[in-house]
Amino acid sequence: MKRYIPVKLLDLLENLISVCYFRVKWKNGWSEIFSIHFGVRQGSVLSPFLFAVYLDDLSRLCDLDTSSHIILYADDILLIAPSLSKLECVLHACERELTRLDMVINCKKSCCLRVGSRCDAVCGNIVSDSGQVIAWVTEMRYLGVYVTQSKTFKCSLKHAKRSFYRAANAVFAQVGRVASEEVTLHLFKSKCLPVLLYELEVCPVVKSQISSLDFAVNRFFMKLFNTSNIEIIKACQCYFSFELPSVIISKRAQKFTRKFE
């Protein structure tokens with residue numbers, strides 16, 4: 001109503017969500033019909049928009065405080081604050097707003113991480129309104145990206161490389177000695193590279209990290225073509241028009257930057 005939605009549309013949405021009846025199918029059997037009076041339909045095109053509107057007031061809690069930020073993506077919440085006291089204040093404000101929305105923070109799945117010149121200093125506990133302590137960690141995952149405790153904002157690639165090697169070895173074990181190089185490399189591009197390069201166009205990666213990504217890809221080529229000669233590997237990559245991660249990340253970063261120009 002605060003967004004001045006037409007009354008007829010609001011009535012339609014209210015009826016769509018409040019008058020919901022379900023039953024569960026198990027093999028050839030069906031359960032009794034039951035009703036659900038809260039939540040949105042999982043998989044519905046409209047559900048993400050409704051959920052975003054529902055939590056929108058939460059993202060506005062720091063509108064008057066430019067030193068702190070609340071970042072939302074669906075039900076994943078990231079709080080950024082310049083000090084421990086400020087972080088705890090923002091946390092309590094979020095808890096009060098979520099309580100008003102009949103929701104709650106899962107403190108067991110939450111964590112705190114420090115980035116800055118005093119990142120190694122021992123920090124006091126961050127305690128929620130319910131009295132639960134949120135643990136301090138040296139590494140955290142947010143939207144699939146691992147951020148590490150450091151003096152500057154830094155991402156860890158070890159998890160991505162571990163998953164990449166697992167996927168590459170699985171592809172090679174299944175088709176590496178049977179299918180043609182074209183087929184193997186196509187599977188490698190579509191199934192393995194996305195695991196390695198996920199969101200790196202917006203992450204702060206240094207030159208040594210990019211070199212390690214190139215090395216991981218070169219190792220797969222060495223295994224595929226049964227050679228350790230880097231010149232032969234480069235010739236194969238040129239022949240198959242295969243770009244290394246360093247080139248791909250650079251192009252993606254430029255494309256991402258152009259969106260905001």
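**Group meeting talk: pockets, a buried serine and two loop residues**

The protein chain I am showing has nine helices and eleven strands, where helices (H or I, at least four residues) and strands (E, at least two) are DSSP runs numbered from the N terminus. Its radius of gyration is 24 Å, well over the 18 Å that the globule rule gives for 261 residues, so the chain is more spread out than a compact globule; the radius is taken over C-alpha atoms, and the rule is 2.2 Å times the number of residues to the power 0.38.

Please keep in mind that this is a predicted model, in which local features need pLDDT of at least 70 and side-chain atom pairs count only at pLDDT 80 or more, while totals for chains, interfaces and linings use all residues. Residues are numbered from 1 along each chain as its sequence is written, and side-chain values use heavy atoms, with hydrogens and water left out.

Along its principal axes, the C-alpha trace of the protein chain spans about 65 × 60 × 40 Å. Of the 261 residues, 28% count as buried, buried being under 20% relative accessible area, exposed over 50%, and partly exposed in between, with a 1.4 Å probe and protein chains only. Among contacts with a separation of 6 or more, 54% are between residues 24 or more positions apart, a contact being heavy atoms within 4.5 Å.

Let me turn to the pockets. A pocket here is an open set of points, on a 1 Å grid over the protein atoms alone, where a 1.4 Å probe fits, with protein on both sides within 12 Å along at least five of seven lines, and lining residues have an atom within 4 Å of a point. The largest pocket holds about 1700 Å³ of space, a volume being the space filled by probe spheres set on the grid points, which are joined across faces, edges and corners. Which residues come closest to its centre? Of the 49 that line the largest pocket, they are Ile77, Leu78, Leu79, Met140 and Tyr142. Two or more lining residues come from each of strand E5 (69–73), strand E6 (76–80), helix H4 (84–100), strand E9 (139–142) and strand E10 (145–148). By class, this lining divides into 36 nonpolar, six polar and seven charged residues, with Ala, Val, Leu, Ile, Met, Phe, Trp, Tyr, Cys and Pro counted as nonpolar, Asp, Glu, Lys and Arg as charged, and the others, Gly among them, as polar.

The second largest pocket holds about 890 Å³, and of its 24 lining residues the closest to the centre are Ile17, Leu50, Phe51, Val53 and Tyr54. Helix H1 (7–18) and helix H2 (47–54) are the elements that give two or more residues to this lining, and H1 supplies the largest share, six residues.

Now to Ser156, which sits in strand E11 (residues 154–156). Is this residue buried or exposed? Ser156 is buried, at a relative accessible area of 15%. Its side chain makes a polar contact of 3.4 Å with the side chain of Glu139, a polar contact being a pair of N or O atoms within 3.5 Å, where within protein one must be able to donate a hydrogen and the other to accept it, and residues adjacent in sequence count only if both atoms are side-chain atoms. Beyond neighbours within four places in sequence, Ser156 touches Glu139, Tyr146 and Thr148.

I will end with two loop residues. Asn226, in the loop between helix H7 (207–225) and helix H8 (230–239), has a positive phi near 55 degrees although it is not glycine, and Asn226 is exposed, with a relative accessible area of 65%. Ser241, in the loop between H8 and helix H9 (245–258), has a positive phi of about 55 degrees without being a glycine, and Ser241 is exposed at 58%.
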